[in-house]
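Please open the structure in your viewer and keep the sequence panel beside it, so that residues can be selected by number as the tour goes along. Each stop names something to select and then says what is there.

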Amino acid sequence: MADREISLPLDSENLGVCIDKIFGAMGFAAKAGKFVCGRELCIEQMKKGKAVMAFFPNDISENAKRELSYAFNKSDIPYIAMPVTMSEMSDRLGKKSYVSCAVITERGFADIIYKLLGSETQKPML
């Protein structure tokens with residue numbers, strides 16, 4: 001899954017700020033109805049060609065990683081492996097159940113995240 005992975009800053013000070021900003025952008029996308037949570041819903045959006053950027057926490061199961069890897073390879077979308085647990089991701093997104101994957105479905109919100117990360121991390125999106 002590493003070929004379309006978007007890198008986050010390595011130093012812990014900038015990483016925390018970056019994660020906060022990414023979750024903020026996810027919140028704006030959610031308010032606009034351009035954000036989906038849950039592995040099955042995310043994979044469905046990828047299959048339909050609507051997903052433009054994906055996110056998943058660091059503690060998903062190997063089965064979930066395989067399933068998402070297959071979906072990422074088929075849909076060719078960039079993703080961020082978030083350095084948070086499913087529980088933390090769920091809490092930050094205001095969800096009651098654990099979140100194993102989330103996708104943004106509008107390019108403009110993905111562009112906001114690219115800008116937060118710096119232009120050198122931007123990947124071409126189809």
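Which residue in strand 3 is the bridge partner of F56? Select F56 together with strand 3, and you will find that the partner is A81. Please bear in mind throughout that this is a predicted model.

**The sheet**

Now widen the selection to strand 2 (residues 53-56) and strand 3 (79-81), which pair in the parallel sense over three bridges. Add strand 4 (residues 102-104) on the other pairing, and you will see that strand 2 and strand 4 run in the antiparallel sense, again joined over three bridges. Two residues of strand 2 are useful markers here, since F55 has A102 as its bridge partner in strand 4, while M53 stands opposite I104 of that strand. As background, strands of a sheet pair through backbone hydrogen bonds, and they may do so either parallel or antiparallel.

With strand 1 (35-37) added, the whole sheet can be seen: it is open, has four strands in the order 1-4-2-3, and its pairing is mixed. Strand 1 and strand 3 are the edge strands, each of which pairs on one side only. If you look along the sheet, neighbouring strands are turned against each other by 15 degrees on average, with direction ignored.

Return to strand 2 and show its side chains. In a regular strand the side chains alternate between the two faces of the sheet. Here M53 and F55 lie on one side, whereas A54 and F56 lie on the other, and all four are buried, so that both faces of strand 2 are covered.

**The aromatic cluster**

Keep F56 selected and add F72 and Y79, and you have a cluster whose members are linked by ring pairs. The structure holds three aromatic pairs, and one of them is formed by F72 and Y79, which are stacked, with 4.6 Å from centre to centre and 10 degrees between the planes. Both F72 and Y79 are buried.

**Helix 2 and helix 3**

Select helix 2 (residues 39-47) next, which lies across strand 1, strand 2 and strand 4 and runs at about 135 degrees to strand 1. Then add helix 3 (residues 62-75), and notice that the axes of the two helices come within 9 Å and cross at roughly 15 degrees. Angles under 35 degrees count as roughly parallel, and helix 2 and helix 3 are therefore roughly parallel to each other. The crossing in which helix 2 passes helix 3 is left-handed.

To see where these helices meet, show R39, I43 and M46 in helix 2, and on the helix 3 side show N63, A64, E67, L68, A71, F72 and S75. F72, which belongs to the aromatic cluster, is thus part of this meeting too.

Is R39, in helix 2, buried or exposed? Its relative accessible area is 18%, and because buried means under 20%, R39 counts as buried. Leaving aside its neighbours within four places in sequence, R39 is in contact with several residues, including S61, S100 and C101.

Move along to D76, in the loop between helix 3 and strand 3. D76 is not a glycine, yet its phi is positive, near 60 degrees, and with a relative accessible area of 41% it is partly exposed.

**Helix 1 and helix 4**

Finally, select helix 1 (residues 12-31), which lies across strand 1, strand 2, strand 3 and strand 4, running at about 105 degrees to strand 1. Helix 4 (residues 86-93) packs with helix 1 at an angle of about 50 degrees, and their axes are 10 Å apart. That angle makes helix 1 oblique to helix 4, and the crossing is right-handed. The residues that make the contact are I19, D20, F23 and M26 on helix 1, and M89, R92 and L93 on helix 4.

Which residue of helix 1 can you select for a last look? Choose G27, which is partly exposed, with a relative accessible area of 28%. G27 and L93 are 66 residues apart in sequence, but from C-alpha to C-alpha they are 6.9 Å apart in space.

Technical notes:
Residues numbered from 1 in each chain as written. Predicted model: local features only at pLDDT ≥ 70, side-chain atom pairs only at ≥ 80, totals over all residues. Heavy atoms only, no water. Pairing = 2+ DSSP bridges. Axes fitted to C-alpha atoms, helices over the stretch in contact; angles between N-to-C directions. Contact = heavy atoms within 4.5 Å. Buried < 20%, exposed > 50% of the residue type's maximum accessible area, 1.4 Å probe, protein only. Phe/Tyr/Trp six-rings, centres within 6.5 Å; stacked < 30°, edge-to-face > 60°. Parallel < 35°, antiparallel > 145°, perpendicular 65-115°, else oblique. Left-handed = near helix turned anticlockwise from the far one by under 90°.
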